Protein chains: 2
Amino acid sequence: MSHERDPAAGRNGSTVRRIGLPVIALLFAWLTPLAAEETGGKSEITDITLDNGLQVVVIPDRRAPVVTHMIWYRVGSADEEAGKTGIAHFLEHLMFKGTATYPGTEFSQKIAEVGGQENAFTSYDYTAYFQRVPPDALESMMTFEADRMRNLILTDEVVAPERDVVLEERRSRVENDPGSLLREEAWATLFQNHPYRNPVIGWKHEIEKLNRKDAIAFYKRFYAPNNAILVVAGDVDTDEVHALAEKTYGKIPAVPDFPLRERPAEPFQNTKRVVELNDPRVSRPSFQKRWIVPSYRTGEALEAEAVDLLAEILGGSVRSRIYKQVVVEQGLASQAGAYYQGTAFDATTFTIWGAPRGSATLEAVEAAITAEIDKISSDGVDDKELEKAKNRLIKRMIFARDDQASMARIYGASLASGETIAQVNSWQDKVREVTADQVRQVAQKFLQDSRSVTSYLLPPADRRL
Amino acid sequence: MSHERDPAAGRNGSTVRRIGLPVIALLFAWLTPLAAEETGGKSEITDITLDNGLQVVVIPDRRAPVVTHMIWYRVGSADEEAGKTGIAHFLEHLMFKGTATYPGTEFSQKIAEVGGQENAFTSYDYTAYFQRVPPDALESMMTFEADRMRNLILTDEVVAPERDVVLEERRSRVENDPGSLLREEAWATLFQNHPYRNPVIGWKHEIEKLNRKDAIAFYKRFYAPNNAILVVAGDVDTDEVHALAEKTYGKIPAVPDFPLRERPAEPFQNTKRVVELNDPRVSRPSFQKRWIVPSYRTGEALEAEAVDLLAEILGGSVRSRIYKQVVVEQGLASQAGAYYQGTAFDATTFTIWGAPRGSATLEAVEAAITAEIDKISSDGVDDKELEKAKNRLIKRMIFARDDQASMARIYGASLASGETIAQVNSWQDKVREVTADQVRQVAQKFLQDSRSVTSYLLPPADRRL
């Protein structure tokens, strides 16, 4: 059970997962195109909706006798009530505490028995549960998972110790990591009104107060078939999956009058902000700089695709401008890059980062990286460079989707973040449509210094402010 | 109708009031001691609570045939739901739209007829309505005000145009004033979780969406006798006021199960932050630096009083260290000072500010002012200086309370912010108890650079970040 973080956290290695999902790869490949014919005969990706509102996505993949079963809820930390941060992630933990029908750890035992794996994760926009099992265990997984969609039993005896588990998780991942502490405050500074400002795991003092009543209220409100997406990927027959879905999840009534998903939006931002953390645990200074940019769901036509390509051109790989210029050519940085969190229900983040190498100063690294943005804003990119970036971006997606679990995650995350199957499927074509001028335009429009938030992670004596 | 702001805004002269209340004086004299005997014979300040929960404070003041009638609701912008910022202030405007019993502007007409004045204001922690009238009009005022506590009638015809009025108010006070724009973002940066982060007037995009339904829901939820304080100051007989209160407000039933007032609290802050606004409308650079500090309600024993004295010693007047050193002695600043917003339901703000004079740089001004804090944190203050500061602080309160309306405001604001009458009355004694070491301690404990938020208001070419 874990909560998702932004790339900096992932890169620092602090995102721990129980099983070896290609999470980091996914973070950099959050959207993938999928032309049905590419997956082989009889293996079209389908998307149906049951009468109770459950969306069912089947991704046939016959290469190995294994199936990935995921249920995605359209609820994450950004849907939490003010003052109750952490409840989405806490509930994710509590979902492993058993139901009336299958008490205790019966579900997990069953998974172990068939040699399967399971995990769960919470992000700003979704909460997901999955199992990877042999195909003949699928019906059993669906039965268990459908059962815990509505029949979770929570007692104070299981809630209180699990809260301590979460607090310990926060301690080890956030409080013990100055980079994470800084990241939290940088996000709280970047988002002035939107709940993305709050950490997914929750603020410590609010986690401490979460209780059974909060968990049950959140569960009853958000865990419903008409707020969920079932994704089954693997060695399955689509019709059979549909029949099983009807037989298991299909029996759960929809929750009536489900409210529209709407969060407080950001005001127009007028200021440049800097956040600085000096900490004795930091030996090497580094910076990150963030902007709020449109997501795939919120962007106007081709805007998100253009931002994605901008991130790729600037800093997505060793072929990118930042790497070539600042790391290789000028030799200033030990690490540097750019990242766009495109899959998000609301307006999202664009991040650049860097740390100096040898005798280079952090100031020089930051200036050199920022100069690459300015160059694109003023001079744009050339068509050949853009073409190569498109190829890299698309290739990375193709690589990511070669993994069954990644595929399931890509579809689940995109749909749970408000995109449609059609949008996911047409992504590759849209990327191909982006022009060099569109890339320049989004750089100019969104990456303005006067609306950025820079954070400095520094040793105690090294003050920038 | 207006919303209250922090001192910087008030000092910039942008807080407009319909009648000439000594608001600025009050901002610097938000708490006053009151020994009953000082107000003259038979004129004890009393505090009773009606059966329906309405707290009734009577402040006899026989010097002139005039009475100040105020109703204070324990609800302000910090009690708003996320995404609905501005609703407390918007409702304040709508409270002048008439009731079933007294349609349209009948209430205001009545006030004008008797030669009275009226106003209303909204802050983070309270909303208040008042009239200043001849004593024989008091019963009529109470009748009208009690009526609009529960019987407000709102139609879309009055709501929509009034929303435009509020948007225009925001345009003229905030959007047209770079200092206000910066202040909004500095508060949104300073408070990472608490709703003090949101402007009292509301974020523009959220005001635009407020409607009749929102206003009515807010009104029904918060406007109740058991969530209000009646303050009557002036040429009145206490028993008569009590009888009139029973006769008018006393008839309104309490709202049952009124929820506890609890807002999301701040997490522990680990970072230093800087917010910068460059704007062509700015000709003279200036800075403000803020910290979160305890309020009179939240502070431990004598903490708030010590912070109050710290503000006075540092920058409350021309006798303060900052003024004497930075303005007079070093001649660096055209203005400089310190301010503590002590009356607040939750943890509140401490602010220092300055602007350079002549050829001095903003950097030099900031360094000189900050040095005064560091001196107190390390060397403390001497007893004589402290004694003088106590005298000044107390004298200023005595001066403020010489005005009937100020008195009413002091009691109303303090009680609506969660203090008790006993606390208000014992304030002077508590201030006298503060030791020099306690002043040093609060400076050291709360005014740490590593948890501060500095904001720079600069002309376009003058970058600090």
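Two strands pair if DSSP finds at least two bridges between them. The exercises below apply this and other criteria to a predicted model.

**Exercise 1. Decide how strand β8 of chain A relates to β8(B), and in which direction the two run.**

Step 1. Count the bridges: five join β8 (residues 272-278) of chain A to β8(B).
Step 2. Compare with the cut-off of at least two bridges. The strands therefore pair.
Step 3. Read the direction: the two strands run antiparallel.
Step 4. Take one bridge as an example: A:E276 has B:K272 as its partner in β8(B).

**Exercise 2. Describe the side of chain B that touches chain A.**

Step 1. Count the residues: chain B contributes 28 to the contact, and chain A contributes 28.
Step 2. Find the elements of chain B that give two or more residues: these are α7 (178-190), α8 (204-207) and β8 (272-278).
Step 3. Pick out the main contributor: β8(B) gives the most, with seven residues.
Step 4. Sort this side of chain B by class: 12 residues are nonpolar, 10 are polar and six are charged.

**Exercise 3. Classify the packing of α11(A) against α17(A).**

Step 1. Take the geometry: helix α11 (residues 303-315) and helix α17 (residues 436-446) of chain A pack at about 90°, and their axes are 9 Å apart.
Step 2. Apply the range: angles of 65 to 115 degrees count as roughly perpendicular. The two helices are therefore roughly perpendicular to each other.
Step 3. List the residues that meet: α11(A) supplies A:E303, A:A306, A:V307, A:L309, A:L310 and A:I313, while α17(A) supplies A:Q438, A:V439, A:V442, A:A443 and A:F446.
Step 4. Sort the contact by class: nine residues are nonpolar, one is polar and one is charged.

**Exercise 4. State what is unusual about the phi of A:L302, and classify its exposure.**

Step 1. Recall the background: most residues other than glycine have a negative phi.
Step 2. Check the residue: A:L302 is not a glycine, yet its phi is positive, at about 65°.
Step 3. Locate A:L302: it lies in the loop between β9 (286-293) and α11 of chain A.
Step 4. Classify exposure: A:L302 has 19 C-beta neighbours inside 10 Å, so it counts as partly exposed; buried would need 20 or more.

**Exercise 5. Judge how compact chain A is.**

Step 1. Note the make-up: chain A has 17 helices and 12 strands.
Step 2. Compare radii: the radius of gyration of chain A is 22 Å, close to the 23 Å given by the globule rule for 465 residues, so chain A is as compact as a globular protein of that length.
Step 3. Add the burial: 55% of the 465 residues of chain A count as buried.

Methods: Residues numbered from 1 in each chain as written. Chains lettered and ligands numbered in written order. Predicted model: local features only at pLDDT ≥ 70, side-chain atom pairs only at ≥ 80, totals over all residues. Axes fitted to C-alpha atoms, helices over the stretch in contact; angles between N-to-C directions. Helix = DSSP H or I, 4+ residues; strand = E, 2+ residues; numbered from the N terminus. Parallel < 35°, antiparallel > 145°, perpendicular 65-115°, else oblique. Contact = placed C-beta atoms within 7 Å. Nonpolar A, V, L, I, M, F, W, Y, C, P; charged D, E, K, R; others polar. Rg over C-alpha atoms; globule rule 2.2 N^0.38 Å. Buried ≥ 20, exposed ≤ 12 C-beta atoms within 10 Å, placed from the backbone.
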